[in-house]
Each structure stands twice: as C-alpha cells, then as structure tokens.
Protein chains: 2
Amino acid sequence: MQNLDSIGTQIRKLREEAEMPLRKLAALLDIDQSTLSKIERDERRANTQMIEQIAKIFKTDKEKLLIAFYSDVVVYEIHQESSFSEILQVAEAKIEYQRTSKKQAK
Amino acid sequence: MQNLDSIGTQIRKLREEAEMPLRKLAALLDIDQSTLSKIERDERRANTQMIEQIAKIFKTDKEKLLIAFYSDVVVYEIHQESSFSEILQVAEAKIEYQRTSKKQAK
DNA sequence: TAAATTTGGACATTATTTGTCAAGAATAAA
DNA sequence: TTTATTCTTGACAAATAATGTCCAAATTTA
C-alpha cells in the first residue's frame with residue numbers, strides 16, 4: 001500500500017537515510033534550517049518546488065512525494081468532518097467531470 | 001448520485017427556488033451583497049457558519065451542503081494534479097488511520 | 001565536556017483573504 | 001422606453017495568514 005507517513009516525516013526519513021544534516025539540506029533548498037526543521041515536523045508547509053528538488057536530491061519518485069504532500073493538504077482541510085468519505089467521493093466525481101467535459105464545470 | 005454542483009451554484013439555486021433576492025439573503029447572513037454574489041459564482045469562499053445558516057434558512061440538509069462546500073475546497077487544492085485519484089485514496093487512508101488509532105498519527 | 005545538530009520563539013515582511021463601497025450592467029416592471 | 005430593482009464588477013483598506021530570518025536554547029553525538 002501507499003506510504004501513509006506525512007510529507008514531513010518522509011522528507012526526514014529520506015534525509016536521515018542519506019545521513020545528510022538538516023542544515024545541509026536546508027542550504028540545498030535555499031531555506032533557513034529552522035524552516036526545514038518545522039517542515040519535517042509538519043509545523044510548516046513545504047511547497048511543490050521544494051518537493052521536486054528533494055526528489056532530485058535523494059533520487060526518489062517525485063510523484064510519490066507529491067501524493068504525500070497533497071494528501072496532507074486534503075487531510076488538513078477535511079479531517080475534522082465526519083462525512084470525509086463522501087466529501088472525497090464527491091471531489092473525485094467533480095474532478096473527473098471537469099476532465100471529461102470540454103466545457104468547464106462552473 | 002450526489003449533487004455535483006458547486007456550493008455557489010447550490011446556494012444560488014436554493015435562493016432562486018425560494019424567490020429570495022440576493023440582497024435579502026446577504027442581509028440575513030450579515031454580509032455584503034457583493035460578497036454573496038461572488039460566493040454564488042464561486043469567486044469567493046463561503047465559510048461553514050454561512051453554510052449552516054443557509055441550511056436553516058432554506059430548511060435543507062446541512063450535511064449535504066457541507067459536503068458540497070468541502071469537496072469544492074478539495075477540488076480547488078488538487079484539481080491540477082494528474083494523480084488526484086491516488087491523492088484522495090491516500091488522504092482517506094490517512095484520516096481513517098488517525099481515527100482508528102488512539103495515538104495521533106504525526 | 002565540547003562540538004555539531006536541531007528546535008523554539010520572536011519579529012518583520014509579504015501574500016492572501018475578507019469587508020466595504022460605489023458605480024455600472026442586466027433584468028424586470030411600469 | 002423609462003424607471004426601478006437586482007446583480008455584478010472592480011477598487012481599496014483592513015484583517016489574517018504565510019513566509020523568511022535570526023539567534024539562543026535544547027538536544028544529540030563524538
């Protein structure tokens with residue numbers, strides 16, 4: 001199954017497996033080390049450019065990281081809602097509908 | 001199946017079915033009419049308190065409106081991503097995991 | 001202990017969201 | 001068509017949230 005670790009945890013694991021200090025990864029990403037520390041502990045959000053750079057640095061699948069990243073975003077938005085399962089179903093149907101119809105569903 | 005109209009469209013339909021002018025609903029919700037106009041056309045976001053008030057005003061199912069609202073939020077966050085289906089799957093698994101485990105998944 | 005690494009918190013800066021207004025466009029009524 | 005009503009648009013300020021930066025404290029490693 002898919003990796004259910006948060007994007008922060010996945011980044012930290014990649015970094016630790018590579019035995020790279022946080023300070024160094026922060027430098028590569030051109031962000032403050034305290035910012036990266038917070039990202040790895042899910043106190044701040046990464047952005048997609050960072051995810052892409054991280055995938056390159058650790059030679060890992062960019063798409064998997066992006067899935068971890070966006071699923072965290074989705075969880076953050078709806079985790080408190082009891083009907084989360086219906087919400088996700090409807091969201092999927094909406095996206096599919098937008099994709100398949102020429103005209104944009106407004 | 002569920003209603004795939006955007007939350008804005010659903011609000012507008014409820015209001016028009018009740019033959020209530022936008023101006024009046026805006027007053028009931030205590031927001032500017034231009035703000036409501038934008039919400040109905042999905043240019044601005046409603047919030048959950050508005051949704052709840054609207055459900056009461058038009059005596060409709062609050063939960064269905066909330067599902068429309070949150071699914072729009074989710075669509076907005078991930079619609080540009082090709083792996084949206086996987087993202088939603090992982091998001092659901094994450095939420096279920098959080099719910100079933102005593103300890104919070106961090 | 002000393003060195004290196006990571007974390008926490010404060011703060012300024014920037015970006016995004018929200019509220020408000022007034023004028024213009026569209027629609028309906030007279 | 002004129003008038004009245006309703007709705008939309010854009011501009012702007014105010015409030016809120018996100019981001020970048022610094023530095024000292026805490027933690028971990030050697």
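**Interfaces and DNA contacts, queried**

Modeller: Between chain B and chain A of this predicted model, 16 residue pairs, with both residues at pLDDT 80 or more, are in polar contact. On the side of chain B that touches chain A, the elements giving two or more residues are helix H5 (62–78) and helix H6 (84–100) of chain B. H6(B) supplies the largest share of that side, 16 residues, and the residues of the side as a whole divide into 18 nonpolar, twelve polar and 14 charged.

Colleague: What makes Asp72(B) and Lys94(A) a salt bridge?

Modeller: The closest N and O atoms of Asp72(B) and Lys94(A) are 2.5 Å apart, and the rule asks for a side-chain nitrogen of Lys or Arg within 4 Å of a carboxyl oxygen of Asp or Glu, so the pair is given that name. Across the interface of chain B and chain A, the rule finds two salt bridges.

Colleague: How many residues of each chain are in contact, and what area is buried between chain B and chain A?

Modeller: In chain B, 44 residues are in contact with 43 residues of chain A. The size of an interface is often given as the accessible area lost when the parts come together. For chain B and chain A that area is about 3800 Å², and carbon and sulfur atoms give 63% of it.

Colleague: Why is Ile87(A) called buried?

Modeller: Ile87(A), which is found in helix H6 (residues 84–100) of chain A, has a relative accessible area of 0%, and the limit for buried is under 20%, so Ile87(A) is classed as buried. Leaving aside its neighbours within four places in sequence, Ile87(A) is in contact with Ile78(A) and Glu81(A), and also with Ile67(B), Tyr70(B), Ser71(B) and Val74(B). Between the C-alpha atoms of Ile87(A) and Val74(A), 13 residues apart along the chain, the separation is 10 Å.

Colleague: Ser37(B) has a relative accessible area of 18%; why is it called buried?

Modeller: The value of 18% for Ser37(B) is to be set against a limit of under 20%, and Ser37(B) therefore counts as buried. This residue is in helix H3 of chain B, where, not counting residues up to four places away in sequence, Ser37(B) touches Arg12(B) and Leu22(B).

Colleague: And what makes Lys64(A), in helix H5 (residues 62–78) of chain A, count as exposed?

Modeller: Lys64(A) has 60% relative accessibility, whereas exposed begins over 50%, so the value places Lys64(A) in that class. From Lys64(A) to Ala27(A), 37 residues apart in sequence, the C-alpha to C-alpha distance is 23 Å.

Colleague: Turning to the DNA, how do you know that Arg41(B) makes a polar contact with a phosphate of DNA strand D?

Modeller: A polar side-chain atom of Arg41(B) lies 2.4 Å from a phosphate oxygen of DNA strand D, and the cut-off for a polar contact is 3.5 Å, so this pair qualifies. The elements giving two or more residues to the surface near DNA strand D are helix H3 (33–40) of chain A together with helix H1 (7–17), helix H2 (22–29) and helix H3 (33–40) of chain B. H3(B) gives the most, with four residues.

Colleague: Which side chains reach the bases of DNA strand D?

Modeller: Among them, the side chain of Arg44(A) has an N or O atom 2.8 Å from a base nitrogen of that strand, while for Lys38(B) such an atom is 3.1 Å from a base oxygen. In total 15 residues surround DNA strand D, with Ser34(A), Arg12(B), Leu22(B), Arg23(B) and Arg41(B) the closest. Sugar and phosphate make up 40% of the atoms of DNA strand D that come within 4 Å of the protein.

Colleague: What makes the approach of Lys38(A) to DNA strand C a polar contact?

Modeller: A polar side-chain atom of Lys38(A) lies 3.0 Å from a base oxygen of DNA strand C, and the limit is 3.5 Å, so the pair counts. Phosphate oxygens of DNA strand C are also approached, at 2.6 Å by a side-chain N or O atom of Arg12(A) and at 2.4 Å by one of Arg41(A). H3(A) gives the most to the surface near DNA strand C, with four residues, and by class that surface has two nonpolar, five polar and nine charged residues.

Technical notes. Residues numbered from 1 in each chain as written. Chains lettered and ligands numbered in written order. Predicted model: local features only at pLDDT ≥ 70, side-chain atom pairs only at ≥ 80, totals over all residues. Heavy atoms only, no water. Near = heavy atom within 4 Å. Polar contact = N/O pair within 3.5 Å; in protein donor to acceptor, adjacent residues only side chain to side chain. Nonpolar A, V, L, I, M, F, W, Y, C, P; charged D, E, K, R; others polar. Contact = heavy atoms within 4.5 Å. Buried area = accessible area lost by both parts, 1.4 Å probe. Buried < 20%, exposed > 50% of the residue type's maximum accessible area, 1.4 Å probe, protein only.
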